[in-house]
Amino acid sequence: MTKLDTKALDKVIARYEGKPGRLLSILEDAQKLDEHQYLSTSALEYVSEKTGIPLSRIYSVVTFYAFFSLKPRGDHSITVCRGTACHTRGSKKMLDYLKQILDLKEDESSGQQSKVFLTTKDNQFTLMTVACFGQCALAPVVEIDGTIYSNVTERKLKGLIDNIRRKGKNKK
Amino acid sequence: MADKLFQVKIDGKNYEIAAGTSILKACQDIGIAIPTLCYLEGVSEAAACSLCLVEIKGVKPLMRACVTKVRDGMEVNTFSARVNKARKVNMELLLAGHPKDCFVCDRNQDCELRRMAFEMGIREVRFPKVTTLETEVDISSPSIIRDPNKCILCRRCVSVCSAIQAVHAIDAVGRGKQTKISTYGDKGLGHVACINCGQCLLVCPTGALTEQTKVSDIWRALTDPKKIVMVETAPAVRAAIGEEFGLEPGTLATGKMVAALRRLGFNKVFDTQFSADLTILEEGHELIERIKNKGVLPLITSCSPGWIKFAEHFYPGILKNLSTCKSPQQMFGAIAKTYYAEKMKVDPRDIVVVSIMPCVAKKFEADRPEMDSAFHYWKDTLKLKPEDHFKDVDFVLTTREAGRMVREAGIDFVHLPDEDFDAPLGVSTGAAVIFGATGGVMEAALRTAYEVLTGNPLPKIDFESVRGLKGIKTAEVDINGMKVKIAVAHSLGHARVLLDEIKEGRSPYAFIEIMTCPGGCIGGGGQPLPTNTVVRQKRIDAIYREDKNKQLRKSHENPAVLALYNEFLGKPLGEKSHHLLHTTYVKR
C-alpha cells in the first residue's frame, strides 16, 4: 500500500473547483496519481471529505465507468475489447489465450462475471476487458499500456508480451 | 411561468394545463391513471420503470409521461393498442427478474408491483429470469433489511435518501444488467452512514426493503409464564394502526389498540406517552437551566433516533447542543425496570419491555450499548454478572409488525371495545400525544416551560405556529418579557438548514425541535403503507384531536409522573435522572 499523497490530491481538487461535473475529472486525475493506477478507499474517502460529494455517489460513478479501478493494477495493463465487432473477430479467443500465457484464473468470487480484472502473481500484468474501444474497423483490438494494437492474433500478442517481459519487471 | 396555460388534448378532450406540468401529473389531476412504479410527486422523477409510456401526436417514439412536460397544442393519447403492448412488455421485463415467492413476502398485501401487474392485465411472463447479480440479502443493519433480488431499480429509495433526507446512504452501483442499489463499497446499510429512518422502506414499491423483525421472539416471551411482558406504545401508533385493519387514515384507534394488545397476552399495556411527559419535565428543565446559566444554545430535541445518528455522522461539532435526554422509548424501559420493578417487587430480569413504534430507527436505538441503565442500577444490589446483562428495552415492533401480530392471533381489531391503558405507566397528558406530529415536542415543552418559568397558567395552550407540514417553522415566544426564538424542522434535508446556521455561529434560536421523518413520527418508517402527504396530514389531525380530548394537556400536570418524582426520582435533572434518563452521544 502506498501512502496517500494528499498534497497532490488537494491540487487536483482545487483545479476543478466550481466546475460542473468535476467529480469525473477529479477521479480521473486521482487514479493517474496513484502508483498502481487505481482508486484506493483512502483516496475515495479523501475526495468525499474535501468535496462534500457523498461516498455513495462517488462509488456509483467509479463502478459505472470501466475506466476506473478499485483494485491496484500490475505494472502493465492489458485491455481486451469485448465489443460486438471484436467478438465476431475472435476477441474471446484472444482473451482466453492471454489468460493462458499469463497463467491467470477467473476469480469466481468476484461476482461481476462480465467484467474481467486479473493481475498476475508477480504483479507485472493486469488483464482487463472493456465494452468497446470504438475501433471496430480494426477488430479485434487490444490495448497495452495505453497503445491500441489492431487486428491482433495470438502470435502478435505473444510477441508483445515477450517484449515487455524481456525489458524487465520495473520498466514500463 | 406557473400561470401560463397550455391547450392540451388528452384522449380526445381539450384541457387547459399549466405550463411546466408533466403529462403524468396532468393526467392524475384529471382522473386518468397512468401506471408508474418510480414516479413520486416531490420525491422522485427517476424515469426508471418505463411503465408510463404515452403516445404524442407527431412524436415517433412513445414518451414517458413522468418526465415529459405538456406543450401548447400537444395531443396525448394515454391508451392505445401500441401503448398497451409496450407497457405490458416493460412490465413483463420487470417481472422476469423478480422472485415469484409472493406468498411469503412481507409486502404481499401492499406490493405496488404485484398490484400494478395485476391491474395491467399481466397473466403470464414470457421472459426468463436472467441472473447476473450478486443476490446476497443485506442484513447488516439492525433496522432495515435490503433484498436486492426483489429490487426493480426504480430509485425511489435513492431519491428519498438524498433529496428528502440528505443522507446519501445508497446509490446505483455498477452499470447495465449488473446495476444494483447499494452502499459505498457494498459495505451494507449497517456499516455506512445510514441513519435507519426507513423512509426508503416507505417508498419501495416491492418487498426489497423491509424491517428487521423479532416477532417470533416476542411470541416466545408472551407464552413464557415466568416473564412479565409489558408493552409501551408511541403516540403516532394510535393514529395509524387502524389503517392496518382497513380503517380510514386518520382514525384514532387508541382504545382498540389497547384492547388488542391485552388480548395478545401482554401483562401490562403501558404508554410511551407517560415517558413523553417525563421527557418534557427533564428536557424543559434542561432548557430552563441552559437559558439561566448561559449554557450551550440552541438546545435541540433528542427524541428521534434517526436524527441523533445523523448528528453523530454529519454534525459531530454540534453534539453539545443536543439535549442529553434519552428518548421516551428509552426512558420508559429504564423506569419500568427500576422504579416499577421496585414498586411491584419483581426481579427486573423477569421483565420484558416491548415497544411499538412508528419507527425502524428505534430498533437501532434500543440496541445502542449505552441503553442499559437499569442493568447498572441493579448491578450491585442483585450481584449481576456480565452474562445477566439485559437491555432497557428488549424488543421494538413497528406499527406494521404490531398489526401483523394482531392479525396472526385472529383478533377482530375493528370490532374490539375501547379499553384503557394500565396505571401508572400508562397515564399521560395531551402534551405527550402531540409528540407524534412535527412541532409537537416543541409545543409540549413550551406548555411546561412557560408555566414553570412564569408560575402563571398559559393564556392560550395551543401553539399553532409550530404545527403543520411546512418544512421549517419558526416562532418567537414571550415568557415574562423574555423573547425566546424557536424553530422546528422535520425531514433531515430541512434540518440541515438550521444545523448549518448553528455551525456557522449565526443561529438565532434558543430551542430547536428536529424530527427525522416528514410530518414527524406519524410519517415514520415503521408506519402502515401507504404513507404519503395526504395520509400524513390525516394522522396529524387525529393526533391533535386526541390532545384536545385529553383532560390534562400539560406534562407537569401528569399525576403519575409527579408520583414518580415524589417516590423515586426526586427532582428533574437530579442524581437518579442523570443515571437513568440522560445519555451521551458519540462521533461516528
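Begin by selecting T583(B), which in this predicted model is a buried residue with a relative accessible area of 11%; it counts as buried because that value falls under 20%. To place T583(B) along the chain, find α20 of chain B and continue into the segment after that helix, where the residue lies. Now display what surrounds T583(B): leaving aside its neighbours within four places in sequence, the residue is in contact with T324(B), C325(B), K326(B), E370(B) and M371(B).

Step back along chain B to L573(B), which sits in the loop between α19 (559–569) and α20 (575–580). Is L573(B) buried, partly exposed or exposed? With 29% relative accessibility, L573(B) counts as partly exposed, because partly exposed covers the values between 20% and 50%. While this residue is selected, look at its backbone as well, since L573(B) has a positive phi of about 65 degrees although it is not a glycine.

The next stop in chain B is a pair of residues, L297(B) and P298(B), so select both. What kind of peptide bond joins L297(B) and P298(B)? The bond is cis, and its omega is about -5 degrees. P298(B) itself is found in the loop between α9 (272–292) and β12 (299–300) of chain B.

Now colour chain B by its domains, which are domain 1 (5–95), domain 2 (131–211) and domain 3 (216–580). If you keep domain 2 and domain 3 of chain B on the screen, you are looking at two domains whose C-alpha centres lie 28 Å apart. How many residues of these two domains are in contact with each other? On the side of domain 2 of chain B there are 18 residues, and they are in contact with 27 residues of domain 3 of chain B.

With the whole of chain B in view, show it as a cartoon, in which its secondary structure comes to 20 helices and 17 strands. The C-alpha atoms of chain B fill a box of roughly 80 × 55 × 50 Å when this is taken along the principal axes. A compact globule of 588 residues would have a radius of gyration near 25 Å, and chain B has 25 Å, which agrees with that expectation. Of the 588 residues of chain B, 61% count as buried, while the accessible surface of the chain comes to about 23800 Å², with 53% of it belonging to carbon and sulfur atoms. If you turn on contacts, consider those in chain B between residues at least 6 apart in sequence: 74% of them join residues at least 24 apart. Colouring by charge brings up 79 positive and 71 negative charges in chain B, and their mean positions are 5 Å apart.

Finally, move to chain A, where the domain assignment gives domain 1 (6–64) and domain 2 (76–167). The C-alpha centres of these two domains of chain A lie 27 Å apart. Select N123(A), in the loop between β2 (117–119) and β3 of chain A, and note that its phi is near 65 degrees, a positive value in a residue other than glycine. N123(A) is partly exposed, with a relative accessible area of 31%. The last selection is A139(A) together with P140(A), where the peptide bond from A139(A) to P140(A) is cis, with omega near -5 degrees. P140(A) lies in the loop between β3 (125–130) and β4 (142–144) of chain A.

How values were computed:
Residues numbered from 1 in each chain as written. Chains lettered and ligands numbered in written order. Predicted model: local features only at pLDDT ≥ 70, side-chain atom pairs only at ≥ 80, totals over all residues. Heavy atoms only, no water. Helix = DSSP H or I, 4+ residues; strand = E, 2+ residues; numbered from the N terminus. Rg over C-alpha atoms; globule rule 2.2 N^0.38 Å. Buried < 20%, exposed > 50% of the residue type's maximum accessible area, 1.4 Å probe, protein only. Contact = heavy atoms within 4.5 Å. Areas by Shrake-Rupley, 256 points an atom, 1.4 Å probe, with all protein chains shown as cover. Lys, Arg positive; Asp, Glu negative; His and termini not counted. Charge placed at Lys NZ, Arg CZ, Asp CG, Glu CD. Domains from an automatic or database assignment.
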